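Me: I'm new to this one. Could you walk me through it, one question at a time?

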Amino acid sequence: ADGLSGAPAPFDKGGVKVALISYISAGDFFQAYQAGAEAQAKALDIDLRVFPGRQDAAEQREQILQAINLGVSGIVIDHGLPESLGDVVQQALEKDIKVVAFDVNLNNPKVPQVEQSDHELASLALEQVVKDNGKDFKAGYVYVAGFAPLDRRNEVWEKFKSENSGIVEKARFGNVSDTTATSTADQAKAALTANPDISVVFAPYDEFARGVKLAANDLGFGKKLKIYSADVSTADIQEITEEGSPWVATVATNPAVVGAVSIRAAALEIAGQTVPRQITVKPTLLTQESLRAAGVKTIEDLAQKIPAFSKSDAATASWIPDKLF
Ligand code: SR1
């Protein structure tokens, strides 16, 4: 560890230990989030300890205790179930370990919360739904309660339905696991078969959208269905832009940027500098049409064309290197 010249302590010496503790590791979003966190940690000469997430609340608690015992200076908690984290997070804070939470509401004034402006994300997607389909259609909706970003997006969906009586939710399903897309595909197949009049599916997580697309293609419903999602990855861009794809729009941040922002927030906290309690990375609407027209094929293409996909102004400081991508 060499340290960063001009950085405040302890970053001037380098090798500051930080833990990244995730609830979910599988899937493009979480892999890219981790890659962004690792790149930012490297740029800060942070010794980042990554604990893999396996959708297991007990294991995540255990990992927080392990991180405390390792003597880390900071912990980034990426998703999780708030009810199983409160007391162990408190233990970390009492040892003067700084904690940053991404997409899990820890409701602790000492913990900055990072999010992707989920209300705006869902609103942008639903505005596009109305633009493409009007206000009179039958919908399918993919949702699993208990995940902060999905709960926030759900608030917008509920309000949207209550304001548009012609939009009728005929089926609701969803699954979050290490096989989210394929399990959601099985559920979507049953829901679409039972409700063949569904013409729009709001699936605000890319693994959900991938599952619905799989089901639609298997059933031969690809032409009569439109899917709207959250998130983006290179694989998603390929699925959205391929010929005849029913996946017509997504609203997304660059997850690698969100991972980098989470590490920067932890670094600022460790250095004793001011960090807002609410840190948001704003998402962008990406339609099938706009992606095709711009010839976008990868997330790197997006980063070149849309500034928000290559960096965020959130949680920055002059001593923090931000040239990551
Ligand atoms: C199970 S929660 C999945 C969501 O977490 C992140 O906020 C991503 O945007 C993803 O949609």
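Here are some short questions with their answers.

Me: Before we start, what is the mean pLDDT of the chain?
Reply: Keep in mind that this is a predicted model. It scores ipTM 0.99 and pTM 0.97. As for pLDDT, 99% of the chain's residues reach 70 or more, and the mean is 96.

Me: Okay, how far apart are the centres of domain 1 and domain 2?
Reply: Let's place the two domains. Domain 1 is made of 16-115 + 254-280, and domain 2 covers 118-252. Taken over C-alpha atoms, the distance between their centres is 29 Å.

Me: Which helix gives the largest share of the side of domain 1 that touches domain 2?
Reply: The contact takes 12 residues from domain 1 and 15 residues from domain 2. On the domain 1 side, there are five nonpolar, four polar and three charged residues by class. The largest share of that side is three residues, and they come from helix α1 (residues 28-43).

Me: Now the sheet: which strands stand at the edges?
Reply: It's an open sheet of six strands with mixed pairing, in the order β7-β6-β8-β9-β10-β12. A strand at the edge has a single partner, so one of its sides has no neighbour in the sheet. That applies to β7 (167-173) and β12 (284-287).

Me: And by how many degrees are neighbouring strands of this sheet turned against each other on average?
Reply: Here direction is ignored, and the value is an average over neighbouring strands of the sheet. It comes to 20 degrees.

Me: What is the bridge partner of Ile227 in β10?
Reply: Strand β9 (residues 226-230) and strand β10 (residues 247-252) run parallel, with four bridges joining them. Ile227 has its bridge partner in β10, and that residue is Trp247.

Me: Which helix lies across β6, β7 and β8?
Reply: Two helices are worth a look here. Helix α4 (residues 118-133) lies across β6 (137-142), β8 (198-203), β9, β10 and β12, at about 165 degrees to β9. The one running at about 140 degrees to β7 is the helix you're after, with residues 180-194: helix α6.

Me: Last one: how many nonpolar residues does the shell around the ligand have?
Reply: The residues surrounding the ligand are Phe29, Asp103, Gln116, Phe147, Pro149, Leu150, Val176, Tyr205, Ala230 and Asp231. Sorted by class, one is polar and two are charged, while the nonpolar ones number seven.

Conventions:
Residues are numbered from 1 along each chain as its sequence is written. This is a predicted model: local features need pLDDT of at least 70, side-chain atom pairs count only at pLDDT 80 or more; totals for chains, interfaces and linings use all residues. Domain bounds come from an automatic or database domain assignment. Two residues are in contact if their C-beta atoms, placed from the backbone, lie within 7 Å. Helices (H or I, at least four residues) and strands (E, at least two) are DSSP runs, numbered from the N terminus. Ala, Val, Leu, Ile, Met, Phe, Trp, Tyr, Cys and Pro count as nonpolar, Asp, Glu, Lys and Arg as charged, and the others, Gly among them, as polar. Two strands pair if DSSP finds at least two bridges between them. Axes are lines fitted to C-alpha atoms, for helices over the stretch in contact, and angles run from 0 to 180 degrees between N-to-C directions. A residue is near a molecule or strand if its C-beta atom, placed from the backbone, lies within 6 Å of it. pLDDT is the predictor's confidence in each residue, from 0 to 100.
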